Amino acid sequence: MATIAEQPAPAAMRDTDYLTTRMAVEVPELGGDVRCWTGGSDVPPLFIERQGEALNALDVFLDWVRDHRATLDALMIEHGGVMLRGFPVGSADDFNRLMALFPRYEPGYVAGMSPRKTVTGQVLESTRLDEKFKINLHSEMAYMKRYPPRIALFSKTTAPVGGETIIGSMRLFMRRFPDWLMQRLEGRKVHIVRNYAPAGSTKNAASVDHPDKIGWDDAFFTESREEVEAHCAKLGMEPIWHADGSLTLREETDVFTVHPITGERIYRTNLHTNTNFDRNPAFAGIVAAVRAAQKYPSGHYLDTGEKFTEEEIEAVFKLYDDVELAWPWQDGDVAILDNLLCAHGRNPFSGPREVMVSLLDR
Ligand SMILES: [Fe+2]
């Protein structure tokens, strides 16, 4: 979870050009039991759809994934991500077995900013953030120095209205990155301050209206302060405990992260979302109450101590808006995205929706 904005749920799922522009992609290495297509060049992800009945049994499908791992990994780099559609993945256990074929991101969701719990194994809830909020495009855990290289999303129950996992090409984003902003940000560091509520604050909460209200025990999956401190040491964060039981984390990242495989330089920070809540009148009361209680107010700052200006915020939001894609999801869809090359988010929704997440290494 990176940024949220209140928006009315769409009347119907967006039917973009995405589905009407299907470009077949030949991947002979995957064999004849699947077909591949994209929505065009620079339009992630690569859809890989089951053809025929051969891969309609879970064990056979998992064997197929195991046998084609190297090709699938390469396709995730080439296209920013893959979308596995029509395969027999129906439950959290099925998804967990699929995820077990990929290297897991060992730190998991420790110190994450979205309220979510473990479902089973390495499968997490997507988020418990209120359904009326849109989660804007972001790189998972862009507010941390250490981050998951890949993220997988499984649509167990697709919302009847809205709720699509939205995505966007960060390659396209970077090609459109304005020169004036690049000159200002090149080589710069980001100082990040984050806050968690005392342990137990979100124990039984169905949803949370501000990320700073998440209890630190929910964020760190432990009630032990010693364990929190050990995690912080490993992840490069400085923990500061307060008398009321709340916790502040401080750390430093780069504005641009170099992709370890392709060498591409990708914007990976939440500098532009600093004032996201503050600017939204719907959050005025919540933000005022949250900030008033913080000794070190949450925020992202450049190493000069500056925050983003309005012009800079607008420029980055426009870049994200312009690369945003949505298409109707189906039950059983599994997307595996390169977390640097492909941003993700969520449209607001109504009705039942169950989407699960897994964080992966490469
Ligand atoms: Fe996310």
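**Exercise 1. Find what the side chain of Arg-353 meets, and state which backbone oxygen lies 2.8 Å from one of its polar atoms.**

Solution. Begin with the polar atoms: the backbone oxygen of Gly-163 lies 2.8 Å from a polar atom of the Arg-353 side chain. This structure is a predicted model, in which local features need pLDDT of at least 70 and side-chain atom pairs count only at pLDDT 80 or more, while totals for chains, interfaces and linings use all residues. Residues are numbered from 1 along each chain as its sequence is written, and side-chain values use heavy atoms, with hydrogens and water left out.

Next, place the residue: Arg-353 sits in the loop between β21 (349-350) and β22 (354-360), where helices (H or I, at least four residues) and strands (E, at least two) are DSSP runs numbered from the N terminus. Then list its surroundings: not counting residues up to four places away in sequence, Arg-353 touches Ser-126, Thr-157, Ala-159, Gly-163, Thr-165 and Arg-346, contact meaning heavy atoms within 4.5 Å.

Finally, look for a partner of opposite charge (Lys and Arg count as positive, Asp and Glu as negative, and His and the chain ends are not counted). Arg-353 is buried but has no salt bridge, and Glu-164, the nearest side chain of opposite charge, is 7.5 Å away. Buried means under 20% relative accessible area, exposed over 50%, and partly exposed in between (1.4 Å probe, protein chains only); a salt bridge is a side-chain nitrogen of Lys or Arg within 4 Å of a carboxyl oxygen of Asp or Glu.

**Exercise 2. Describe how domain 1 and domain 2 meet.**

Solution. First take the bounds, which come from an automatic or database domain assignment: domain 1 covers 4-171 + 324-360, and domain 2 covers 179-318. The contact takes 34 residues from domain 1 and 43 residues from domain 2.

Second, consider the area: about 3200 Å² is buried between the two domains, and carbon and sulfur atoms give 60% of this. Buried area is the accessible area (1.4 Å probe) that two parts lose on being put together, summed over both. Arg-128, Lys-145 and Leu-340 supply 18% of the area that domain 1 buries against domain 2, more than any other three residues.

Third, turn to charged pairs, of which the rule finds 3 salt bridges across the interface of domain 1 and domain 2.

**Exercise 3. Which parts of the chain does the salt bridge between Asp-303 and Arg-188 tie together, and how does the pair of Glu-49 and Arg-35 join its own parts?**

Solution. The structure holds 24 salt bridges. In one of them, Asp-303 and Arg-188 bring their closest N and O atoms to 2.9 Å. Asp-303 lies in the loop between β17 (299-302) and α11 (310-323), and Arg-188 in the loop between α6 and β12 (189-196), so the pair ties together parts 115 residues apart in sequence. Asp-303 is partly exposed, at a relative accessible area of 34%, whereas Arg-188 is buried, at 17%.

For the other pair, the side chains of Glu-49 and Arg-35 meet at 2.8 Å, N to O. Glu-49 belongs to strand β4 (residues 46-50) and Arg-35 to strand β3 (residues 34-38), so this salt bridge ties together parts that are 14 residues apart in sequence. Glu-49 counts as buried at 9% relative accessibility, while Arg-35 is partly exposed, with a relative accessible area of 39%.

Methods: A polar contact is a pair of N or O atoms within 3.5 Å; within protein, one must be able to donate a hydrogen and the other to accept it, and residues adjacent in sequence count only if both atoms are side-chain atoms.
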